[in-house]
Amino acid sequence: MRVLASAPAKVILFGEHSVVYGKPAIAAAIDLRTYVRAGFNENGAIKIEARDIKVPGLTVSFSENEIYFESDYGKAAEVLSYVRQAIELVREEADKRKGVTVSITSQIPVGAGLGSSAAVAIATIGAVSRLFGLELTREEIGKLGHKVELLVQGASSGIDPTVSALGGFIHYENRKFERLPFMELPIVVGYTGSSGSTKELVAMVRRTYEEMPEVVEPLLVAMGRIVEKARGLLLSEVEERARFEELGRLMNINHGLLDALGVSTKKLSELVYAARTAGAVGAKITGAGGGGCMYALAPENQSEVATAIKIAGGVPMITKISREGLRIEEVKP
Ligand code: PMV
């Protein structure tokens, strides 16, 4: 028997960094996927084939709707510990003696803050649990994905695996996840080509917070309020155009506050301004900053915005919110 499963990448729409201080955040799955094919093998071992884990920043070519990345073994190796841990967790629930071979292909750049590790963990758990005949819900798979992150990296909010397993929009606050109604959001993600260290950026914000809490606290409060306003918009019946405009304004304010916290870079801000100039209704950093990615909301002009991001030196990815999280693509007897 062979099973093919896929799981999506994520963007944090609003609330990165302030979420560390107990404020809410909203993240969403996007239409870039990692595919994992799983089958049993005869020798009882765990075998991982990952010839095609995409890593941008080395060689990238871009055409209208497709992006090709050349792969780099060093970064791909980091991903493998998530895959291994995911297989081991599922085997513990099912049958430890059975050998499993998985092969991975991915459209998600590694180390860009788009949740590539969580996506590979979720797709692996999805494929391998189905292979063993375990009937797990997406919620259960999301929780197992969180466990994989805790085992591999020591700490994790669980946002990435939850979004990747469930898909759509997820509102997060104090360890509680709420699925928001789905809607189309035409976005363009811009990758700077370098990655910031989430751990170092979180520590840097912490230092500023401790040195001048009276200045930083109001910024964090404002960021939390932006999230609540965005949640209200996603839940409301507002006409689409007005909703995009309002979300765009909130994105711009959120970007300014992140910049104020010191997590933007010249390159990130250049991509943000290039996107706005090309007609995006809003643009901001997504994730920890210090490199990594920004995203722009571009309801009418995704390709112009993508071109502007490319001219400004970034790698654009035209995408949209993925309604679906984990997907079982194919089961062959
Ligand atoms: O680097 P990313 O996309 O995983 O985003 C990190 C988000 C932070 O709020 C900065 C950190 C966190 O743990 O929530």
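**Exercises: the ligand site**

The ligand occupies the space of the largest pocket. A pocket is an open set of points on a 1 Å grid over the protein atoms alone, where a 1.4 Å probe fits, with protein on both sides within 12 Å along at least five of seven lines. A molecule sits in it if more than half of its atoms lie within 2 Å of its grid points.

The model is predicted: local features need pLDDT of at least 70, and side-chain atom pairs count only at pLDDT 80 or more, while totals for chains, interfaces and linings use all residues. Residues are numbered from 1 along each chain, and side-chain values use heavy atoms, without hydrogens and water.

**Exercise 1.** Find which residues surround the ligand.

*Solution.* Take residues with a heavy atom within 4 Å of the ligand. Among them are Lys 10, Ile 12, His 17, Thr 198 and Val 202. Then assign elements: β1 (2-14) and α5 (198-211) each give at least two shell residues.

**Exercise 2.** Find the polar contacts (N or O pairs within 3.5 Å) of the ligand's oxygen atoms.

*Solution.* Start with Thr 198: a polar side-chain atom lies 2.9 Å from a ligand oxygen. Next, a backbone N or O atom of Gly 113 lies 3.1 Å from a ligand oxygen. Last, a polar backbone atom of Ala 288 is 3.5 Å from a ligand oxygen.

How values were computed: A polar contact is a pair of N or O atoms within 3.5 Å; within protein, one must be able to donate a hydrogen and the other to accept it, and residues adjacent in sequence count only if both atoms are side-chain atoms. On a 1 Å grid over the protein atoms alone, a cavity is a set of points where a 1.4 Å probe fits but cannot get out, and a pocket is an open set with protein on both sides within 12 Å along at least five of seven lines; lining residues have an atom within 4 Å of a point. Helices (H or I, at least four residues) and strands (E, at least two) are DSSP runs, numbered from the N terminus.
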